[in-house]
Amino acid sequence: SNKKAAVIYCLYLDHLKNYTSNDVHIFSYSLLRYVLISEAGITLTNDGLLYNLWHKPSLKKHPYIHFNISHCSTAIAVAISFRAPIGIDIEAIREYSPYSLNRCFSKEEKDYIKNSINPNKEFFRLWTLKESYVKAIGIGMSYPMKKVNFNNKNHLIVSNKVKCRFLLIEDNSNYVTSCCYGVGKARNNGEFHRIYQCKKNIFHG
(Lines give C-alpha, C1' and ligand atoms only; values in the text may rest on other atoms or scores of the structure.)
Protein backbone atom coordinates (compact mmCIF):
# COMPACT_ATOMS: atom_id res chain seq x y z
CA SER A 1 0.00 0.00 0.00
CA ASN A 2 1.18 3.53 -0.69
CA LYS A 3 -0.66 4.88 2.33
CA LYS A 4 1.48 6.48 5.01
CA ALA A 5 1.95 4.44 8.17
CA ALA A 6 0.62 7.22 10.39
CA VAL A 7 -0.12 10.92 10.30
CA ILE A 8 -0.11 13.37 13.21
CA TYR A 9 -1.79 16.76 13.24
CA CYS A 10 -1.07 19.26 16.03
CA LEU A 11 -3.08 22.45 16.43
CA TYR A 12 -1.98 25.13 18.89
CA LEU A 13 -4.60 27.57 20.19
CA ASP A 14 -2.42 30.08 22.05
CA HIS A 15 -3.37 32.86 19.64
CA LEU A 16 -7.10 32.47 20.34
CA LYS A 17 -8.87 34.30 23.15
CA ASN A 18 -12.08 33.84 25.10
CA TYR A 19 -12.70 30.20 24.34
CA THR A 20 -13.95 27.56 26.79
CA SER A 21 -13.09 23.93 27.49
CA ASN A 22 -16.25 23.00 25.59
CA ASP A 23 -14.94 24.94 22.59
CA VAL A 24 -11.71 22.91 22.74
CA HIS A 25 -13.78 19.71 22.68
CA ILE A 26 -15.63 20.97 19.60
CA PHE A 27 -12.36 22.03 17.95
CA SER A 28 -10.98 18.52 18.61
CA TYR A 29 -13.75 16.81 16.68
CA SER A 30 -13.55 19.44 13.94
CA LEU A 31 -9.86 18.59 13.53
CA LEU A 32 -10.71 14.86 13.53
CA ARG A 33 -13.24 15.44 10.74
CA TYR A 34 -10.60 17.34 8.78
CA VAL A 35 -8.02 14.59 9.26
CA LEU A 36 -10.43 11.82 8.22
CA ILE A 37 -11.55 13.58 5.05
CA SER A 38 -8.00 14.67 4.16
CA GLU A 39 -6.18 11.42 4.85
CA ALA A 40 -8.84 8.74 4.33
CA GLY A 41 -11.59 10.39 2.27
CA ILE A 42 -14.09 9.64 5.04
CA THR A 43 -16.86 12.03 6.06
CA LEU A 44 -17.54 11.60 9.77
CA THR A 45 -21.23 11.66 10.66
CA ASN A 46 -22.66 12.32 14.11
CA ASP A 47 -23.47 8.62 14.59
CA GLY A 48 -20.27 7.36 12.99
CA LEU A 49 -18.31 6.62 16.17
CA LEU A 50 -18.24 3.67 18.54
CA TYR A 51 -16.74 3.85 22.04
CA ASN A 52 -15.19 0.98 23.99
CA LEU A 53 -15.57 0.47 27.74
CA TRP A 54 -12.78 2.98 28.37
CA HIS A 55 -14.32 5.55 25.99
CA LYS A 56 -11.76 5.18 23.21
CA PRO A 57 -13.55 6.07 19.94
CA SER A 58 -13.38 4.11 16.69
CA LEU A 59 -15.13 4.30 13.33
CA LYS A 60 -18.24 2.12 13.00
CA LYS A 61 -17.88 1.54 9.27
CA HIS A 62 -14.08 1.56 9.05
CA PRO A 63 -12.71 -0.62 11.89
CA TYR A 64 -9.27 -0.91 10.27
CA ILE A 65 -8.63 2.82 10.37
CA HIS A 66 -7.16 3.67 13.76
CA PHE A 67 -7.15 7.15 15.25
CA ASN A 68 -6.75 8.92 18.53
CA ILE A 69 -7.41 12.43 19.85
CA SER A 70 -5.80 14.41 22.64
CA HIS A 71 -6.22 17.93 23.89
CA CYS A 72 -5.12 20.14 26.73
CA SER A 73 -6.52 23.59 27.44
CA THR A 74 -4.60 25.26 24.58
CA ALA A 75 -3.67 22.56 22.06
CA ILE A 76 -5.12 19.61 20.15
CA ALA A 77 -3.52 16.58 18.50
CA VAL A 78 -5.03 13.93 16.23
CA ALA A 79 -3.22 10.82 14.99
CA ILE A 80 -4.44 8.41 12.30
CA SER A 81 -3.02 5.07 11.18
CA PHE A 82 -4.03 2.65 8.44
CA ARG A 83 -2.00 -0.22 9.84
CA ALA A 84 -2.15 -0.56 13.62
CA PRO A 85 -3.57 0.90 16.85
CA ILE A 86 -2.28 4.36 17.70
CA GLY A 87 -2.32 6.61 20.76
CA ILE A 88 -1.44 10.27 21.20
CA ASP A 89 -1.11 12.71 24.07
CA ILE A 90 -0.38 16.45 24.02
CA GLU A 91 0.40 18.53 27.10
CA ALA A 92 1.40 22.09 27.85
CA ILE A 93 4.64 22.19 29.83
CA ARG A 94 3.91 23.47 33.32
CA GLU A 95 4.80 22.67 36.91
CA TYR A 96 4.33 18.96 37.37
CA SER A 97 2.28 17.33 40.11
CA PRO A 98 4.34 15.55 42.83
CA TYR A 99 1.33 13.28 43.41
CA SER A 100 1.34 12.17 39.76
CA LEU A 101 5.11 11.71 39.88
CA ASN A 102 4.86 9.35 42.86
CA ARG A 103 1.82 7.50 41.56
CA CYS A 104 2.80 6.93 37.92
CA PHE A 105 6.61 6.83 37.70
CA SER A 106 9.24 4.26 38.64
CA LYS A 107 12.07 5.14 41.01
CA GLU A 108 14.49 5.39 38.07
CA GLU A 109 12.14 7.70 36.20
CA LYS A 110 11.61 9.89 39.26
CA ASP A 111 15.37 10.22 39.79
CA TYR A 112 15.86 11.02 36.11
CA ILE A 113 13.22 13.79 36.22
CA LYS A 114 14.40 15.33 39.48
CA ASN A 115 18.05 15.37 38.37
CA SER A 116 17.39 16.78 34.91
CA ILE A 117 18.10 20.35 33.80
CA ASN A 118 14.39 20.95 33.16
CA PRO A 119 12.33 18.66 35.43
CA ASN A 120 8.96 19.96 34.21
CA LYS A 121 9.77 19.26 30.57
CA GLU A 122 11.20 15.81 31.35
CA PHE A 123 8.13 14.98 33.42
CA PHE A 124 5.80 15.76 30.52
CA ARG A 125 8.02 13.96 28.01
CA LEU A 126 7.68 10.77 30.04
CA TRP A 127 4.05 11.45 30.99
CA THR A 128 2.93 11.88 27.38
CA LEU A 129 4.86 8.77 26.31
CA LYS A 130 3.10 6.75 29.01
CA GLU A 131 -0.29 8.23 28.07
CA SER A 132 0.27 7.51 24.38
CA TYR A 133 0.87 3.82 25.18
CA VAL A 134 -2.17 3.32 27.41
CA LYS A 135 -4.32 5.16 24.85
CA ALA A 136 -2.95 3.04 22.00
CA ILE A 137 -3.89 -0.18 23.79
CA GLY A 138 -7.33 1.31 24.35
CA ILE A 139 -7.75 1.27 28.11
CA GLY A 140 -6.31 4.62 29.16
CA MET A 141 -5.54 5.40 32.79
CA SER A 142 -7.00 2.12 34.02
CA TYR A 143 -3.64 0.60 33.00
CA PRO A 144 -0.99 0.97 35.76
CA MET A 145 1.19 3.72 34.29
CA LYS A 146 4.00 2.93 36.72
CA LYS A 147 4.53 -0.26 34.69
CA VAL A 148 5.12 1.63 31.43
CA ASN A 149 8.74 2.76 31.71
CA PHE A 150 11.00 4.94 29.61
CA ASN A 151 14.61 6.04 29.50
CA ASN A 152 15.18 8.96 27.15
CA LYS A 153 18.88 9.47 27.67
CA ASN A 154 21.01 10.33 24.62
CA HIS A 155 17.88 11.46 22.76
CA LEU A 156 16.68 7.89 22.22
CA ILE A 157 13.33 6.59 23.44
CA VAL A 158 13.90 3.27 25.18
CA SER A 159 10.87 1.53 26.68
CA ASN A 160 10.08 -1.71 28.50
CA LYS A 161 7.11 -2.07 26.11
CA VAL A 162 8.15 -3.97 23.00
CA LYS A 163 6.42 -4.43 19.63
CA CYS A 164 5.49 -0.76 19.43
CA ARG A 165 7.16 2.48 18.42
CA PHE A 166 7.23 5.87 20.08
CA LEU A 167 7.74 9.41 18.88
CA LEU A 168 8.21 12.69 20.74
CA ILE A 169 7.20 15.90 18.94
CA GLU A 170 8.53 19.16 20.30
CA ASP A 171 7.95 21.61 17.46
CA ASN A 172 6.51 24.15 19.91
CA SER A 173 8.63 24.98 22.96
CA ASN A 174 5.55 25.25 25.20
CA TYR A 175 4.25 21.74 24.51
CA VAL A 176 5.19 18.08 24.35
CA THR A 177 3.34 15.57 22.16
CA SER A 178 3.96 11.83 22.17
CA CYS A 179 2.62 9.14 19.89
CA CYS A 180 2.64 5.35 20.24
CA TYR A 181 2.13 3.36 17.05
CA GLY A 182 1.97 -0.26 15.98
CA VAL A 183 1.12 -1.96 19.29
CA GLY A 184 1.50 -5.70 18.74
CA LYS A 185 2.56 -5.20 15.10
CA ALA A 186 5.76 -3.17 14.99
CA ARG A 187 8.74 -5.51 14.88
CA ASN A 188 10.60 -3.80 17.71
CA ASN A 189 10.48 -0.77 19.91
CA GLY A 190 12.28 2.47 19.21
CA GLU A 191 11.72 5.39 16.88
CA PHE A 192 9.08 5.52 14.16
CA HIS A 193 10.16 4.23 10.79
CA ARG A 194 7.72 6.42 8.88
CA ILE A 195 5.46 8.98 10.44
CA TYR A 196 4.31 12.40 9.35
CA GLN A 197 3.14 15.52 11.05
CA CYS A 198 1.05 18.08 9.27
CA LYS A 199 2.48 21.10 7.50
CA LYS A 200 6.06 21.86 8.51
CA ASN A 201 7.30 18.72 10.21
CA ILE A 202 7.58 15.58 8.14
CA PHE A 203 9.18 12.48 9.61
CA HIS A 204 10.80 10.09 7.15
CA GLY A 205 12.26 6.81 8.23
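**Figure 1. Ser70, tucked away in strand S4.** Ser70 is buried, with just 3% relative accessible area. The model shown here and in the other panels is a predicted one. Ser70 belongs to strand S4, which covers residues 66-72. Its side chain has two partners to look for. One is the side chain of Asp89, with which the Ser70 side chain makes a polar contact at 3.2 Å. The other is a backbone atom: the nitrogen of Ile90 sits 3.0 Å from a polar atom of the Ser70 side chain. Leaving out neighbours within four places in sequence, Ser70 also touches Ala75, Ile76, Ala77, Ile88 and Lys135, besides Asp89 and Ile90 themselves.

**Figure 2. Glu109, a buried acid in helix H3.** Glu109 is part of helix H3, residues 107-114. Is this side chain's residue buried or exposed? Glu109 has a relative accessible area of 2%, so it counts as buried, the cut-off being under 20%. What does the side chain of Glu109 reach? Follow it to the backbone nitrogen of Phe150, 2.8 Å away. Once neighbours within four places in sequence are set aside, the contacts of Glu109 are Cys104, Leu126, Lys130, Val148, Asn149 and Phe150.

**Figure 3. Helix H3 against helix H4.** A pair of packed helices is described by the angle and the distance between the two axes. Here the axes of H3 and H4 (residues 119-136) come within 8 Å and cross at roughly 145 degrees. From H3, the residues that take part are Glu109, Tyr112, Ile113 and Lys114. They meet Pro119, Glu122, Phe123, Leu126 and Lys130 of H4. Sorted by class, this contact has five nonpolar residues and four charged ones, with no polar residues. Glu109 from the previous panel turns up again here on the H3 side.

**Figure 4. Two tyrosine pairs.** The structure holds eleven aromatic pairs, and this view picks out a couple of them. Take Tyr12 and Tyr175: their ring centres are 5.0 Å apart and the planes lie at 35 degrees, so this pair is tilted. It links distant parts of the chain, with Tyr12 in strand S1 (residues 6-12) and Tyr175 in strand S10 (residues 175-181), 163 residues apart. Both Tyr12 and Tyr175 are buried. Then there is the edge-to-face pair of Tyr133 and Tyr143, at 5.9 Å centre to centre with 70 degrees between the planes. Tyr133 comes from helix H4, while Tyr143 comes from the loop between H4 and strand S7 (150-151), ten residues apart. Tyr133 counts as buried at 10% relative accessibility, and Tyr143 is buried too, at 18%.

**Figure 5. A cluster of rings.** Which residues do ring pairs link into a cluster? They are Tyr96, Phe105, Phe123, Phe124 and Trp127. You've met Phe123 already: it is one of the H4 residues that meet H3.

**Figure 6. Zooming back out.** To place the close-ups, here is the whole protein, with its four helices and twelve strands. Buried residues account for 51% of the 205 residues. Of the contacts between residues at least 6 apart in sequence, 57% join residues at least 24 apart. The accessible surface comes to about 11000 Å², and carbon and sulfur atoms make up 52% of that.

Note on methods:
Residues are numbered from 1 along each chain as its sequence is written. This is a predicted model: local features need pLDDT of at least 70, side-chain atom pairs count only at pLDDT 80 or more; totals for chains, interfaces and linings use all residues. Side-chain values use heavy atoms; hydrogens and water are left out. Buried means under 20% relative accessible area, exposed over 50%, partly exposed in between (1.4 Å probe, protein chains only). Contact means heavy atoms within 4.5 Å. Accessible areas come from the Shrake-Rupley method with a 1.4 Å probe; for residues, only the protein chains shown count as cover. A polar contact is a pair of N or O atoms within 3.5 Å; within protein, one must be able to donate a hydrogen and the other to accept it, and residues adjacent in sequence count only if both atoms are side-chain atoms. Axes are lines fitted to C-alpha atoms, for helices over the stretch in contact, and angles run from 0 to 180 degrees between N-to-C directions. Ala, Val, Leu, Ile, Met, Phe, Trp, Tyr, Cys and Pro count as nonpolar, Asp, Glu, Lys and Arg as charged, and the others, Gly among them, as polar. Rings of Phe, Tyr and Trp (its six-membered ring) pair if their centres lie within 6.5 Å; planes under 30 degrees apart count as stacked, over 60 as edge-to-face and the rest as tilted.
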